[in-house]
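Student: Please take a close look at a single helix in this model. Go through how it begins, how it ends and what surrounds it, then set it in the whole chain.

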Amino acid sequence: MHGAWGGGWDWKHVDHLLTADGNTVYRPTLSGLGEHSNLNSTNIDLETHIQDVVNVILWEDLHDVVLVGHSYGGMVITGVADRIPDRIKHVVYLDATLPNNGESQDTSRAARTNQFIIPVTDGFIIPPWVKGNPPPPHDVPMSARCFSQPITLTNQAVAQKLPTTYILAVDPGKTPEQNESYSCYQRAQARGWQVVIIESDHNAQHSHPQEIVKLFEQAR
């Protein structure tokens, strides 16, 4: 699952690599983003996005899913695994938020170190790199409710037993402790999940696609 402001387009190259290896890949775009940006609204929230992905899995009748989430996508896949754990084979967090019940992206971010805070404008979170209207594909503003709505988990005992991998992407020259997602990595480690550290910037799907494809395929 892609991160905030992005879309399924963000994973096109990773899709090509996985497909070339014989995998079947789905890269849905969350409501209000990417090719669905014409439907963007401040009414969209985290629950909307969780249901987006649940619906793809149910309507496509998918089973044994390797469920991947990057950045904010970690909030989404946590909810998906909680809702339909029977459809999931392995969960992969890529430098992603890993919430406990009742936490939101905002509260989780506040617990992380060196995380920049983006102000809310007219109900949308608009990062500084989202400017004007360049040709697609590009990031777009995102409803602030996606970040402020706490996640509700009702099936944690089952979902947390799913095979899960947490991949921490550490910028060259930095230590893991300096990574904004390090507390989430520690949480995964404390749960006994597989943890992996790679040298990469936050958007490893662009900078290190071959490396993360290998890790995703190990989760099959």
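Tutor: A polar contact here is a pair of N or O atoms within 3.5 Å; within protein, one must be able to donate a hydrogen and the other to accept it. Keep that cut-off in mind for the start of helix 2. The model is predicted.

Begin with the helix itself. Helix 2 covers residues 46–59, which makes 14 residues. From its first C-alpha to its last it reaches 20 Å. That is close to the 20 Å expected at 1.5 Å a residue.

Now its start. A side-chain oxygen of Asp45 comes to within 3.2 Å of the backbone nitrogen of Glu47. A polar contact needs N or O atoms within 3.5 Å, and the Asp45–Glu47 pair lies within 3.2 Å.

Now its end. Asp61 comes just after helix 2 and has a positive phi of about 55°. Asp61 sits in the loop between helix 2 and strand 1. Most residues other than glycine have a negative phi. Asp61 is not glycine, yet its phi is positive.

Next, the sides. Which residues of helix 2 are buried? They are Leu46, His49, Ile50, Val53, Val54 and Ile57. Seen down the axis of helix 2, these residues fall within an arc of 135°, so they line one face of the helix. Their cover includes strand 1 (65–70), helix 3 (73–83) and strand 2 (88–94). Strand 5 (142–143) and helix 5 (145–148) are also part of that cover.

Two of those buried residues, Leu46 and His49, are touched by Tyr72. Tyr72 lies in the loop between strand 1 and helix 3. Its relative accessible area is 0%, so Tyr72 counts as buried. The side chain of Tyr72 makes a polar contact with the side chain of His49, at 2.8 Å. Other residues that Tyr72 touches include Gly3, Ala4, Leu30, Thr97 and Gln105. Tyr72 also touches Met142, Cys146 and Phe147. Met142 falls within the 142–143 range of strand 5, while Cys146 and Phe147 fall within the 145–148 range of helix 5. Strand 5 and helix 5 are thus met again here: both help to cover the buried face of helix 2. For a sense of distance, the C-alpha atoms of Tyr72 and Pro127 are 14 Å apart, with these positions 55 residues apart along the chain.

Move on to helix 3, part of the cover of helix 2. Ten of the eleven residues of helix 3 are buried, so this helix is largely enclosed by the rest of the structure. Among them are Gly73, Gly74, Met75, Val76 and Ile77. Thr78, Gly79, Val80, Ala81 and Asp82 are buried as well.

Strand 2 is another part of the cover. Asp95 lies in the loop between strand 2 and helix 4 (105–110). Phi of Asp95 is near 45°, a positive value in a residue other than glycine. Buried means under 20% relative accessible area; at 3%, Asp95 counts as buried. The side chain of Asp95 reaches the backbone nitrogen of Ala169 at 3.1 Å. Among the residues that Asp95 touches are Ser71, Tyr166, Asn179, Ser181 and His202.

Strand 5 has a loop worth a look. Pro137 is in the loop between strand 4 (124–125) and strand 5. Most peptide bonds are trans. The bond that joins Pro136 and Pro137 is cis, with omega of about 5°.

Set helix 1 (residues 12–20) beside helix 2. The buried residues of helix 1 are Val14, Asp15 and Leu18. They cover an arc of only 105° around the axis, which puts them on the same side of helix 1. Helix 8 (204–207) and helix 9 (209–218) are included in their cover. Just after helix 1, Gly22 takes a positive phi of about 95°.

Last, the whole chain. Its secondary structure comes to nine helices and seven strands. Of its 220 residues, 48% count as buried. The C-alpha trace spans about 40 × 40 × 35 Å along its principal axes. A compact globule with 220 residues would have a radius of gyration near 17 Å, and the 16 Å of the chain agrees. Among contacts between residues at least 6 apart in sequence, 71% join residues at least 24 apart. The accessible surface is about 10,500 Å², and 51% of it belongs to carbon and sulfur atoms.

Methods. Residues are numbered from 1 along each chain as its sequence is written. This is a predicted model: local features need pLDDT of at least 70, side-chain atom pairs count only at pLDDT 80 or more; totals for chains, interfaces and linings use all residues. Side-chain values use heavy atoms; hydrogens and water are left out. Helices (H or I, at least four residues) and strands (E, at least two) are DSSP runs, numbered from the N terminus. The expected span of a helix is 1.5 Å times one less than its number of residues. Buried means under 20% relative accessible area, exposed over 50%, partly exposed in between (1.4 Å probe, protein chains only). The arc is that of the directions from the helix axis to the C-beta atoms. Contact means heavy atoms within 4.5 Å. The radius of gyration is taken over C-alpha atoms; the globule rule is 2.2 Å times the number of residues to the power 0.38. Accessible areas come from the Shrake-Rupley method with a 1.4 Å probe; for residues, only the protein chains shown count as cover. Lists of a residue's contacts leave out its neighbours within four places in sequence.
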